[in-house]
Amino acid sequence: MQAAAVEAYVEAARSLPGNPSSLHWAGRDARRVLENARESIAAAIHAEPGSIVFTSGGTEADNMAVQGVLRQTPPGNIVTTAIEHPAVLQPLARWDDDAHRAAGWSLRRVRPEDDGCVRAAAMIAQIDDETRLVCMMLANNETGAVQPVRQVAEYCRQRGIPMLIDAVQGLGKMALDVDALGADFVALSAHKIGGPRGVGALVIRRGIKLPELAPGGGQERKRRSGTENVPGIAAFAAALEHVDFSATAAMRDSFEETLLQQIPDARIFAWDAVRVANTSMFSVPGLDGETLLMQLDLAGFAVASGSACSSGKRDPSHVLMSMGIKRELARSAIRVSFGPGNRYEDGTALVAALVQARRRLQAMAGMAA
Ligand SMILES: Cc1ncc(COP(=O)(O)O)c(C=O)c1O
C-alpha cells in the first residue's frame with residue numbers, strides 16, 4: 001500500500017470510532033471523512049460525488065451493475081468482450097445457462113484482434129434493439145491492452161443502452177473522465193492503485209436505479225447497504241490523490257527490451273497495443289508458466305502465471321486464447337506488474353532470474369529425457 005494510503009487508513013481507524021450513519025458527534029466525524037473521500041475521488045475521475053457508491057471492491061461493483069441491470073429487464077442480448085475479468089464474465093454467465101437461453105437471453109462475447117484489443121466497430125456491430133447491457137473493460141488485467149471504450153460508450157449513450165465500463169485496471173494509470181465517457185456504470189477498485197484491498201466503488205449515472213445486491217440498512221443512498229468501511233475509503237481517496245505510475249512505463253519497456261536481448265524467442269503479448277504503464281505479459285516458449293512462476297518465487301519474485309487454476313485443472317488464460325495464441329504458448333505465459341515502488345534494477349534482475357530458471361528447467365528436462 002502507498003504510504004499516504006496507510007497513513008489515511010491508520011488515522012481514520014484510530015480517530016474515527018463512529019458509524020457514519022449515527023447522528024452523534026462520532027458519527028458526524030466519520031461521515032465528514034467519508035464524504036470528503038467521496039468528493040476527492042469524484043473530482044479525480046470527473047464524476048458527481050453523489051454518483052459514487054462505495055463497495056467491497058471491483059468484483060462487487062461489477063456484480064452490482066450486471067445483476068442490477070439484468071434482473072430488472074426483459075430477455076434480450078448482452079454484448080461484452082471475451083477478455084473481461086471473471087468479475088464480469090462470471091455474473092454474465094448466469095444469463096447464459098440453458099434456462100436463460102430458453103427464456104430468450106443470449107450472450108455475445110466479442111473477441112480481440114491479435115494485439116489484444118477488441119475493436120469498437122466489432123462491439124457496435126453486435127449491439128441492436130434487443131441489447132440489454134454492454135460490458136467492456138478500460139484496460140485488460142492480463143495484457144494491459146487499453147480498449148476503445150469511449151467509442152462504444154458514445155454509441156450506447158446515443159441509443160440509450162446501459163453500459164458498464166470496468167475501469168479497475170485503468171484507474172490511476174490513464175486519464176479517466178467519467179462525465180465525458182457518459183457510461184451508466186463505471187467499476188473501480190482501490191488495491192490496483194496502492195490503496196487497500198477490499199475497497200472499491202461503482203459510479204452510477206444520476207437517475208439510474210438499481211436493486212441492491214444485499215438489502216439492509218439502506219446506506220449509500222439506499223444503493224448499497226452495510227456500514228461503510230471508513231478507514232478503507234479514506235485510504236482509497238488518499239491512494240488516488242497520490243497515485244503515480246509515471247515511472248513504470250519506462251521501467252516496463254526497459255525490462256521488455258532486456259528480456260528480448262537475453263531471451264530472443266520470448267514473446268510479449270499485446271506488444272503492438274497501447275498498454276497501461278505497469279503490465280507486461282510474456283511467454284518463454286517451452287517452459288510451463290506455473291513451473292517458471294515457482295522458480296521465480298524461490299528467487300524472490302512475485303509474478304503471476306497466465307493460467308487460471310480451477311477445480312484442480314489448469315486452463316490457459318482465456319484472454320490469450322481469445323487472442324488466438326496457441327494453447328502451449330499460452331500455458332507458458334507469465335504476468336509482471338511494475339509498481340511505483342519498483343526500480344529499473346528489479347527488471348534487470350528478473351530477466352537474469354528468468355535466464356537462470358530457463359537453464360535449470362531445461363537441464364532438468366534433459367536429465368529426465
Ligand atoms: C479488470 C478487473 N476487474 C475487476 C477486478 C476485481 O476487483 P477486486 O479484486 O477489487 O474485486 C479486477 C481485479 O484484479 C480486475 O483486474
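1. Thr279 belongs to strand E9, which spans residues 279-283, in what is a predicted model. Thr279 counts as buried because its relative accessible area is 3%, and buried here means under 20%. The side chain of Thr279 is also joined to the side chain of Asn278 by a polar contact of 3.0 Å.

2. Turning to the ligand, the model places this molecule in the largest pocket. The ligand is surrounded by 14 residues, and the closest of these are Gly58, Thr59, Asp166, Gln169 and Ser189.

3. As to the make-up of that shell, eight of its residues are polar, while three are nonpolar and three are charged. The element that gives the most to the shell is helix H3, which covers residues 58-70 and supplies three residues.

4. Several side chains place polar atoms beside the ligand, and these pairs may be worth viewing one at a time. For Thr59, a polar side-chain atom lies 2.6 Å from an oxygen atom of the ligand, whereas for Asp166 the ligand atom in question is a nitrogen, which lies 2.6 Å from a polar side-chain atom of that residue. Lys192 likewise has a polar side-chain atom placed 2.9 Å from an oxygen atom of the ligand.

5. How much of the accessible area that the ligand has on its own does the protein cover? On its own the ligand has 390 Å² of accessible area, and the protein covers 87% of it.

Definitions and conventions:
Residues are numbered from 1 along each chain as its sequence is written. This is a predicted model: local features need pLDDT of at least 70, side-chain atom pairs count only at pLDDT 80 or more; totals for chains, interfaces and linings use all residues. Side-chain values use heavy atoms; hydrogens and water are left out. A residue is near a molecule or strand if one of its heavy atoms lies within 4 Å of it. A polar contact is a pair of N or O atoms within 3.5 Å; within protein, one must be able to donate a hydrogen and the other to accept it, and residues adjacent in sequence count only if both atoms are side-chain atoms. Accessible areas come from the Shrake-Rupley method with a 1.4 Å probe; for residues, only the protein chains shown count as cover. On a 1 Å grid over the protein atoms alone, a cavity is a set of points where a 1.4 Å probe fits but cannot get out, and a pocket is an open set with protein on both sides within 12 Å along at least five of seven lines; lining residues have an atom within 4 Å of a point. A molecule sits in a cavity or pocket if more than half of its atoms lie within 2 Å of its grid points. Helices (H or I, at least four residues) and strands (E, at least two) are DSSP runs, numbered from the N terminus. Ala, Val, Leu, Ile, Met, Phe, Trp, Tyr, Cys and Pro count as nonpolar, Asp, Glu, Lys and Arg as charged, and the others, Gly among them, as polar. Buried means under 20% relative accessible area, exposed over 50%, partly exposed in between (1.4 Å probe, protein chains only).
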